[in-house]
Amino acid sequence: MPRPTTVHVCSSCGAEAPRWLGQCPGCGEWNTLVEETRAPAPAAGRGRSPAPAGRAVKPVPLSSVRAVQHVRLQTGIGELDRVLGGGLVPGSLVLIGGSPGIGKSTLTSMALGNLQGAGKRTLYVSGEESAAQIRLRAERLPGAALEVPVLAETDLETVVATLDAERPEVCVIDSVQTLHAADLTSAAGSVGQVREVADRITRLAKARDIAVLLVGHVTKEGSLAGPRVLEHLVDCVLQFEGERERTYRTLRALKNRFGSTNDVGVFEMRQGGLVEVQDASARFVGEATRAPGSAVLAAMEGSRPLLVEVQALVSPSELVPPRRVVNGIDRNRLALVLAVLGRHAGVSVGSADVFVNVAGGVRVDEPGADLAVALAVASAVRGLPLGGDSPKPVACFGEVGLTGELRSVGHADRRLAEARKFGLGPVIAPAGSEGGATEAPTLRAALRAALPQQPRARAA
Ligand code: TYD
Ligand code: MG
């Protein structure tokens, strides 16, 4: 009589081990293995024959496969539809990850409300909030958010049975970590549970052509809980980012079977829910201070150019080592930029504290941000605004190399076009950027172009 087996599964990478280990053999993380009980597998054939039990089928050439044209469901939220690649594909599973309070429930409620309003059958399943709480949120939202049928339930069997009976065209599961499969012993939210929930929902979604928006929490470390396990199962992984206290949020696709992973949506959280920010560059440029320590970066958010303000503050410190605080850029890039500024461009921050912030709570994780960081810091150190008295704000982009050179980055033409569109100039960019840029081969040259000559110290 086969008995249930116990395995240990890594909650970070999903690797399995026959016994508990302190360190995961898959990803090397510590204390991530959790015990999981598995139902016995069906008894294997005892015969010696290596012949498989299945039936052989004839593979067909791709050219004779009929391609299905998906009619996508428009969520009515332009930025979301764009990131999805043109709307939701029926029968697809989309995982939306983000930290608590970022707006996942708001975004999915708004999408369902719009779809319901457009005559689609929808269902909002919540294991997190009561139906009354969901109603309170929906009251604040536009569209037909209040018409969306809701099921407040944590039992997976009930949810699957309800989905099967109701046959919605679109459904939200908020969140995958709160549903619980009764036949697994582990707690809701554990790797085994999350995998089981996603697996059962996927099978039903494919069989019944239900588009499912699966909400997933992000752990403190910034990864989706049980992340790799889920990423394999779903068609699309969207990450909702930003800081809860800030108004701007970005939505980007980390994986998309039905579209590109380059697009980014920008939203603003307001009283009436999330509002799309289509003119993000105009907002950020409009808010730029032009004070010493401020630089406008022509960044790329996926395939979309975005102008953001990078701010730096350099102030005397009593701490050893001094503080290096960043918001929206990589801390290591700041260390690199400061080193190159000191060594090759004659701008030393010495033992001062350095704070760098990308305004609006936006993250720019690209090497093209280096030059803006360097110029903002240099401008802060010298106490002079970039561009001096020039009527237009200076914009820039470019990667800073270790020998003080400026290296080219992708999409120079689009960055330049965006900067011109918003009346910025000059645009300081690496050599070869063309298109009317002020080309600077080195960081030193870029500094000369951006910062007016320091007033000469008068002889005493
Ligand atoms: P929520 O969507 O519940 O976040 P998540 O599901 O990702 O945890 O909402 C997050 C925050 O947004 C919450 O603190 C309240 C705020 N909010 C608004 O500011 N305006 C609104 O219209 C709504 C619905 C929420
Ligand atoms: Mg929520």
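This report describes the ligand site, the aromatic pairs and the cysteines of a predicted model.

**Ligand site**

Ligand 1 is surrounded by 16 residues, and the closest of them are Ser105, Thr106, Arg270, Gln271 and Gly273. By residue class, this shell divides into four nonpolar, eight polar and four charged residues. Polar contacts of the ligand are listed below.

| Atom of ligand 1 | Partner in the protein | Distance |
|---|---|---|
| Oxygen | Polar backbone atom of Gly101 | 2.7 Å |
| Oxygen | N or O atom in the side chain of Thr106 | 2.5 Å |
| Nitrogen | Polar backbone atom of Arg270 | 2.6 Å |

On its own, ligand 1 has 560 Å² of accessible area, of which the protein covers 76%. Three elements each give two or more residues to the shell around ligand 1: helix H2 (104-117), helix H3 (131-140) and strand E11. Among the contributors, H2 provides the largest share, with three residues.

**Aromatic pairs**

The structure holds two aromatic pairs. One of them joins Phe240 and Phe267 in an edge-to-face arrangement, with 5.9 Å centre to centre and 85 degrees between the planes. Phe240 belongs to strand E9 (residues 236-242) and Phe267 to strand E11 (residues 264-270), so this pair ties together parts that are 27 residues apart in sequence. Phe240 and Phe267 are both buried. Strand E11 thus appears in two settings: it holds Phe267 of this pair, and it also gives residues to the shell around ligand 1.

The other pair consists of Tyr248 and Phe284; it is edge-to-face as well, at 4.8 Å centre to centre and 80 degrees between the planes. Here a strand and a helix are linked: Tyr248 lies in strand E10 (residues 248-256) and Phe284 in helix H7 (residues 280-287), 36 residues apart. Tyr248 and Phe284 are likewise buried.

**Cysteines**

How many disulfides does a search of the whole structure find? The search returns zero. For Cys236, the reason lies in distance: the closest cysteine sulfur, in Cys171, is 16 Å away, which is too far for a bond, because a disulfide requires the two sulfur atoms to be within 2.5 Å.

Is Cys236 buried or exposed? Its relative accessibility is 2%, so Cys236 counts as buried. Cys396, at 1% relative accessibility, also counts as buried. Both assignments follow because buried means under 20% relative accessible area.

Notes
Residues are numbered from 1 along each chain as its sequence is written. Chains are lettered from A and ligands numbered from 1 in the order in which they are written. This is a predicted model: local features need pLDDT of at least 70, side-chain atom pairs count only at pLDDT 80 or more; totals for chains, interfaces and linings use all residues. Side-chain values use heavy atoms; hydrogens and water are left out. Buried means under 20% relative accessible area, exposed over 50%, partly exposed in between (1.4 Å probe, protein chains only). Rings of Phe, Tyr and Trp (its six-membered ring) pair if their centres lie within 6.5 Å; planes under 30 degrees apart count as stacked, over 60 as edge-to-face and the rest as tilted. Helices (H or I, at least four residues) and strands (E, at least two) are DSSP runs, numbered from the N terminus. A residue is near a molecule or strand if one of its heavy atoms lies within 4 Å of it. A polar contact is a pair of N or O atoms within 3.5 Å; within protein, one must be able to donate a hydrogen and the other to accept it, and residues adjacent in sequence count only if both atoms are side-chain atoms. Accessible areas come from the Shrake-Rupley method with a 1.4 Å probe; for residues, only the protein chains shown count as cover. Ala, Val, Leu, Ile, Met, Phe, Trp, Tyr, Cys and Pro count as nonpolar, Asp, Glu, Lys and Arg as charged, and the others, Gly among them, as polar.
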